[in-house]
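Here's a quick briefing to keep open next to the viewer. Have a look at the fold first, then come back for the details.

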Amino acid sequence: MANPVVPARGMRDILPSEKEKRDQILSTIADVYLRAGFLPIETPAVEPLSRLTSGQGGENEKMLFQIMKRGLPADGTVAVRDAADLGLRYDLTVPLTRYYASNIADLPRVFRAFQSGPVWRAERPQKGRYRQFIQCDIDILGDESITAEVDLVVTTLSALTALGLGDQVKVLVNDRRFLIGILAAAGIGDDNVDAALIALDKADKIGLGGVRAELVDKGIADAQSADRLLALVASLQDEQVCETALKDGHVVVGDREVSLQDLPAIVAAVRELIPQARIEFDPTLVRGMGYYTGAIFEVKHKERDYSIAGGGRYDKVVGKWLGRDVPACGFSIGFERIVDLVADTETQGKKVALLYKPGGSPVDLLRLRQELLDQGASVSLVVPPRRPNSQFFDGLAEQGYTHSLDARREASAADLRELSF
């Protein structure tokens, strides 16, 4: 028996019906973003390894697909670390910041960018997780005010609403500066901040007890500091306590007040602009990317235990390439995660399967197709089986075709009205 012909591990083929749905979803998102003034851009799939391993990508830097240098000797004398100089991008943010630094002279002072495209991560494939997947991002560079955060949250919610998901999601917000502040107030030193945040980020998976164990067992914090930190986090898991913290603009840890930074103003603005929006302060929200410097966000769906969108402020990344810092903020929709959440939509207008036998006149066939196109129909050329049966026509209906027309008949396009099934 021949081996099955399948894509590479962690990759997949997209069948026509699924591709059509994915294109419709992406078109809906793009329409919202473009009408909101975000400008479409495109960046290369490949970047230098030095850029992709600059410490900005967190755990993603460990999942790089590296590209071998051309012209290497085949005798294995080149060390692995010297064999590659390029890599496939693992997200769209690092390439965007390089793009901005490269083209700053030709871009607006405040640049609102929209881009979508494939990214690659060499992680362990599993259900719903692939090594190649689509990201869909909007970013604002050059605006240090909360206008950027509010704009991104409101526009992302508008896109999700256009997809029919608006009443099924909530936005969680936090701030990296607040997180660093409560760690310091709890007595966790600067050297252990990153490790403590990684542990806190696991709260929804291992619980606060598991976080405490990790903090203490790994020497990240002593028992007293861990208890002080987690007592605060536990109290903030109450919705009313979080609302009070937003109203006060700070929380108290021991004898210190820790500011919530811009979160109260961001939440208030979003609620005023979209009164029905669910937006909440979440003290355990960390997000894994190492480049966040301020407010961070995630969108959760009521029927899923994972986020379907996320982002935040990253004011220090562009400076690595430009030589000076540029305020920046972004929000990314997890495109692959929302495809199954979006309800299938009926094709607008007539979708016609034009049946033909190969070897006939292409002029007559394509002339008839043009007549149907001129009437506003979408037309696919389909070669039927030798003896079409009801199963064949049922299959066309399942694919969304609302009409079929036999091109071998001397039929006018008016027959379209008579051949609905």
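What follows runs from the whole chain down to single residues.

Keep in mind that this is a predicted model. The chain comes with 14 helices and 16 strands, and 45% of its 421 residues count as buried. An open sheet of eight strands gets most of the attention below, along with two helix pairs, H5 with H6 and H4 with H10.

**Overall picture**

- The C-alpha trace spans about 90 × 65 × 50 Å along its principal axes.
- If you take the contacts with a separation of 6 or more, 67% of them are between residues 24 or more positions apart.

**The eight-strand sheet**

- Reading across the open sheet, the order is S1-S5-S6-S13-S12-S11-S7-S10, and the pairing is mixed.
- The edges are taken by S1 (39–40) and S10 (279–281), each with a single partner strand, so one side of each has no neighbour in the sheet.
- Helix H1 (residues 16–35) packs on this sheet and touches S1, S5 (111–120), S6 and S13. The direction of H1 makes about 5 degrees with that of S6.
- At the S10 end, strand S7 (residues 169–175) runs parallel to S10, and three bridges join the two. Val-171 has Ile-279 in S10 as its bridge partner.

**Strand S13 and its neighbours**

- How many residues of S13 (residues 328–333) are buried? Six of its six are, so to speak, out of sight: the strand is mostly covered.
- Both faces of S13 are covered. Ala-328, Gly-330 and Ser-332 are buried on one side, and Cys-329, Phe-331 and Ile-333 are buried on the other.
- S6 (residues 132–141) runs antiparallel to S13, with six bridges joining them. Within that pairing, Leu-141 stands opposite Ala-328.
- S12 (residues 307–313) also pairs with S13 in the antiparallel sense, over five bridges. Here Gly-312 has Gly-330 as its bridge partner.

**Pairings around S4**

- Strand S4 (residues 84–88) is joined to S2 (residues 46–48) by three bridges, and these two run antiparallel. One partner pair to click on is Pro-48 with Leu-86 in S4.
- S3 (residues 66–68) also runs antiparallel to S4, again with three bridges. Gln-66 finds its bridge partner in Gly-87 of S4.

**Helix pair H5 and H6**

- H5 (residues 176–186) and H6 (residues 193–200) pack with their axes 11 Å apart, at an angle of about 105 degrees. Angles of 65 to 115 degrees count as roughly perpendicular, so that is the label for H5 and H6.
- From H5, the contact uses Arg-176, Leu-179, Ile-180 and Leu-183; from H6, it uses Val-193, Ala-196, Leu-197 and Leu-200.
- Sorting the residues of this contact gives seven nonpolar, no polar and one charged.

**Helix pair H4 and H10**

- H4 (residues 147–162) packs against H10 at an angle of about 40 degrees, and the axes are 9 Å apart. H4 and H10 are therefore oblique to each other.
- The crossing of H4 past H10 is right-handed.
- On the H4 side you'll find Glu-149, Val-150, Val-153, Val-154 and Leu-157, which meet Ile-266, Ala-269, Val-270 and Leu-273 in H10.
- The residues of this contact divide into eight nonpolar, no polar and one charged.

**Two residues to click on**

- Asp-151 is found in helix H4. Is Asp-151 buried or exposed? The relative accessible area of Asp-151 is 18%, so Asp-151 counts as buried, the cut-off being under 20%.
- Leaving aside residues up to four places away in sequence, Asp-151 touches Phe-38, Arg-112 and Ile-140.
- Gln-261 isn't a glycine, yet it has a positive phi of about 60 degrees. The place to look for Gln-261 is the loop between S9 (256–259) and H10 (263–273).
- Gln-261 counts as partly exposed because its relative accessibility is 33%, which falls in between the 20% and 50% cut-offs.

Methods:
Residues numbered from 1 in each chain as written. Predicted model: local features only at pLDDT ≥ 70, side-chain atom pairs only at ≥ 80, totals over all residues. Heavy atoms only, no water. Axes fitted to C-alpha atoms, helices over the stretch in contact; angles between N-to-C directions. Helix = DSSP H or I, 4+ residues; strand = E, 2+ residues; numbered from the N terminus. Parallel < 35°, antiparallel > 145°, perpendicular 65-115°, else oblique. Contact = heavy atoms within 4.5 Å. Nonpolar A, V, L, I, M, F, W, Y, C, P; charged D, E, K, R; others polar. Buried < 20%, exposed > 50% of the residue type's maximum accessible area, 1.4 Å probe, protein only. Left-handed = near helix turned anticlockwise from the far one by under 90°. Pairing = 2+ DSSP bridges.
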